[in-house]
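I opened this entry to look up how the aromatic rings sit in the model, and which charged side chains lie over them.

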Amino acid sequence: MAAEKLSPATNCASTMTATVLLVVTILSVMAAGEVRALQTGFYDSSCPKAEETIYSTLQLLHVNDPNVPPNLLRLHFHDCFVRGCDGSVLLQGSGTERTAPPNARLEGFRAIDAAKAAVEKLCPGVVSCADILAFAARDSVKMVGGPGWEVPAGRRDGTVSLASEASRNLPGAQMDVNQLTANFAKQGLTRDDMVILSGAHTIGEAACVHIDNRIYDYPSPSGVDPLLPKDFAAKLKKKCRQRGLTNRKFDLDSGTSATFDAQYYSNLANRRGLLTSDQVLYEDARTRPLVLESSNNANFFPKFTQAMVKMSQISPLEGSQGQIRQRCGYVN
């Protein structure tokens, strides 16, 4: 029996039907993707008191330990720069990110564990450790006088953590602007993002060993970086009495180290930045204008919140990817 021939009108109708079905399918997939994408208020229905509980838990810890805010802010940075913001920096074990040299003095893990335990009591298996870390970074800034912001959430926790990747991806304390720009670009961040996110050094400490190159080993007759004011260099050498000290620390912001503010940028303009990677931001003509522009809270705060939101969305695991860890230091 010969195949039935369809009229042009029937062919047209069939084509239109197929096209409509294809569009509906695409829209459905897009809609599903939007549901999985990071969004503010992600836990409003599934765990409405999650953010409030995390903040109150960290606030109590901060009362007894003033280093909680800078430790948690740094922890979030170090997480996002390796495999994206997936909580991989929290995983324990041989060869994990926590064991990498750049993370040797990383702290804040107990605070995250405490926040996770508090949230698990409310909503077991709902809130990821990666999200808790992002909330904690925001809360840490807010607790010491900085701005707050809405944190997009919905991250899943990663199951892989490699020390080699941390060593390869984290920026170094002796990098110049070209190296820093290239390092941040690998994460999809711009040079301006780098300058603004460096402002996180307005709180916290670093080990003396990180400024050996500026007060002992600089290629000058005195071994001191000539950019350092003499009185400031003398103060640093008194604090860091010899090379290689890892158990003695200095404030990254020599003016207002316990307050999140724009003083960091004023320090750079006065040549009182501590790390090489900090001071180069003022010395390089390409980044100096933004340093000067950011030396007041009104300019710095909104730029910092925007950069933090952008950084917190680096390569998140979503949907069926990853897992919601029961304990932040271990894969389920």
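I first fixed the rule for a charge over a ring: NZ of Lys or CZ of Arg has to be within 6 Å of the ring centre and within 35 degrees of the ring normal. The model is predicted, and I read every value below as computed from it.

Charges over rings. I found lysine 142 over the face of tyrosine 55, at 5.7 Å from the ring centre, and this satisfies the distance part of the rule because the limit there is 6 Å. I also noted arginine 98 over the face of phenylalanine 109, where the distance from the ring centre is 3.6 Å.

Ring pairs. I then turned to the aromatic pairs, of which the count is 11. One of them joins phenylalanine 42 and tyrosine 43, with 5.0 Å from centre to centre and 85 degrees between the planes, and it is edge-to-face because the angle is over 60 degrees. I looked up the accessibility of both partners: phenylalanine 42 is partly exposed at 30%, whereas tyrosine 43 is buried at 5%.

I next took the pair of phenylalanine 260 and phenylalanine 301, which is tilted, with 6.0 Å between the centres and 40 degrees between the planes. This pair links distant parts of the chain, 41 residues apart: phenylalanine 260 lies in the loop between strand 2 (249-251) and helix 11 (263-269), and phenylalanine 301 lies in helix 14 (residues 297-311). Phenylalanine 260 is buried, since its relative accessible area is 1%, and phenylalanine 301 also counts as buried, at 16%.

Cluster. I finally recorded that Phe260 and Phe301 belong to one aromatic cluster together with Trp149, Tyr264, Tyr265, Phe300 and Phe304.

Methods
Residues numbered from 1 in each chain as written. Predicted model: local features only at pLDDT ≥ 70, side-chain atom pairs only at ≥ 80, totals over all residues. Heavy atoms only, no water. Phe/Tyr/Trp six-rings, centres within 6.5 Å; stacked < 30°, edge-to-face > 60°. Buried < 20%, exposed > 50% of the residue type's maximum accessible area, 1.4 Å probe, protein only. Helix = DSSP H or I, 4+ residues; strand = E, 2+ residues; numbered from the N terminus.
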